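Notebook open, coffee poured. I wanted to go through this one piece by piece and jot down what turned up.

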Amino acid sequence: MSVSEQVGGVSEPRVPDPVSVLVVEDDATIRRAVQMSLERYGYQVAVAVNGLDGLEAFRAGRHDLLILDVMLPELDGIGLCRRIREQSLVPILMMSARGDALDVVSGLEAGADDYVVKPVDTPVLVARIRTLLRRATFRPARPETNPARGAGPANPAVASADAGKTPAELVFGDLSVNTLGLDVHRDGRPVPLTPTELRLLLEFAAAPGAVLDRRRLLRDVWDYGWEGDTRVVDLCVLRLRKKIGAGRIETVRGFGYKLVRD
């Protein structure tokens, strides 16, 4: 990874407040390059050299985002990602040297939000981090009200007794989605979702029954302004199905996915 030439390649402003990033990478050269690159963009960077050290560092501190190498000694990145996901919904970006389907699928199934293939250009890495952080702090707008009819959302699918105080709730069979409080329940029990899974579900819930293609989801959920790998979408849909019910999101072959209303 080139540090000196690539740092100036992103025109976005520097990070205004320190954001803590934990980088778990056993290759000293790559680890140092990533650390220097992110620090020059204003991030606060902690590092670990293997999976067990990374798990200890994660538990010992508060980090806004994690970058995990796939091939780590002691505890590999996939196992580390799974262990972290048992405790936290912190955004996780996986780094893979190979980028083959097995690495990608394994990382995303373990709970990672995104992945990059090494060597990665600094502007690309920073852009991915910013995207993940935006998703992690995502808050949807309040539903609009109709002045002529008093308080109440314009969308009849949203039930709200008082749009100013009571969160709007979307109900699809045994699944309920609180679009203001960002709470999801299934059969009355809370469903823990990562920020990416929540944004994906909200995207489906905003257009129940409509088919959403993978490219649109990459753009609207992952904020990809470039061509991304649609396997990210497929694996996130798979994880979401496991949590909200396999039949709730239907595959429309050759087109994409849709949320089943009932």
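**Helix H3 and its cap.** I started at the N-terminal end of H3, which is capped by Asp-76. A side-chain oxygen of Asp-76 sits 3.2 Å from the backbone nitrogen of Ile-78. Worth keeping in mind for every entry here: this is a predicted model.

Next I asked how much of H3 (residues 77-85) is buried. Seven of its nine residues are, so the helix is largely enclosed by the rest of the structure. The buried ones are Gly-77, Ile-78, Gly-79, Leu-80, Cys-81, Ile-84 and Arg-85. Ile-78 therefore turns up twice in my notes, as a buried residue and as the one whose backbone nitrogen faces the Asp-76 cap.

**Salt bridges.** I looked up the total and got 13 salt bridges. I went through a few of them.

Lys-118 pairs with Asp-69, with the closest N and O atoms 3.0 Å apart. Which parts does this pair tie together? Lys-118 is in the loop between strand S5 (114-117) and helix H5 (122-136), while Asp-69 is in strand S3 (residues 65-69), so the bridge links parts that are 49 residues apart in sequence. I also checked whether the partners are buried or exposed. Both Lys-118 and Asp-69 are buried.

Then I took Arg-214 and Asp-234, whose closest N and O atoms are 2.7 Å apart. Arg-214 belongs to helix H7 (residues 214-220) and Asp-234 to helix H8 (residues 231-244), so this bridge ties together parts 20 residues apart in sequence. Arg-214 is partly exposed, at 24% relative accessible area. Asp-234 is also partly exposed, with a value of 24%.

Lys-258 and Glu-250 form another salt bridge, at 3.7 Å from N to O. Lys-258 is partly exposed at 23% relative accessible area, and Glu-250 is partly exposed at 36%. I also noted a network: Glu-203, Arg-216, Arg-219 and Asp-220 are joined by salt bridges that share partners.

**Arg-248.** I placed this residue in the loop between H8 and strand S13 (249-252). Is it buried or exposed? Arg-248 has a relative accessibility of 9%, so it counts as buried, the cut-off being under 20%. Its side chain reaches the backbone oxygen of Phe-172 at 3.3 Å. Leaving out residues up to four places away in sequence, I listed what Arg-248 touches: Phe-172, Gly-173, Asp-174, Leu-175, Lys-258, Leu-259, Val-260, Arg-261 and Asp-262. Lys-258 is on that list, and I had already met Lys-258 as the salt-bridge partner of Glu-250.

**Cavity.** Last stop was the empty space inside. Rolling a probe the size of a water molecule over the atoms shows where such space is left. How many cavities of 30 Å³ or more are there? I got one. The largest cavity has a volume of about 40 Å³.

I wrote down its lining: Met-94, Met-95, Ser-96, Asp-103, Val-104, Gly-107, Leu-108, Tyr-115 and Val-116. Strand S4 (92-96), helix H4 (101-109) and S5 each supply at least two of these residues. Which element gives the largest share? H4 does, with four residues. Sorted by class, the lining has six nonpolar, two polar and one charged residues.

Notes. Residues numbered from 1 in each chain as written. Predicted model: local features only at pLDDT ≥ 70, side-chain atom pairs only at ≥ 80, totals over all residues. Heavy atoms only, no water. Salt bridge = Lys/Arg side-chain N within 4 Å of Asp/Glu carboxyl O. Helix = DSSP H or I, 4+ residues; strand = E, 2+ residues; numbered from the N terminus. Buried < 20%, exposed > 50% of the residue type's maximum accessible area, 1.4 Å probe, protein only. 1 Å grid on protein atoms, 1.4 Å probe; cavity = no way out; pocket = protein on both sides within 12 Å on 5 of 7 lines; lining within 4 Å. Points joined across faces, edges and corners; volume = space filled by probe spheres on them. Nonpolar A, V, L, I, M, F, W, Y, C, P; charged D, E, K, R; others polar. Polar contact = N/O pair within 3.5 Å; in protein donor to acceptor, adjacent residues only side chain to side chain. Contact = heavy atoms within 4.5 Å.
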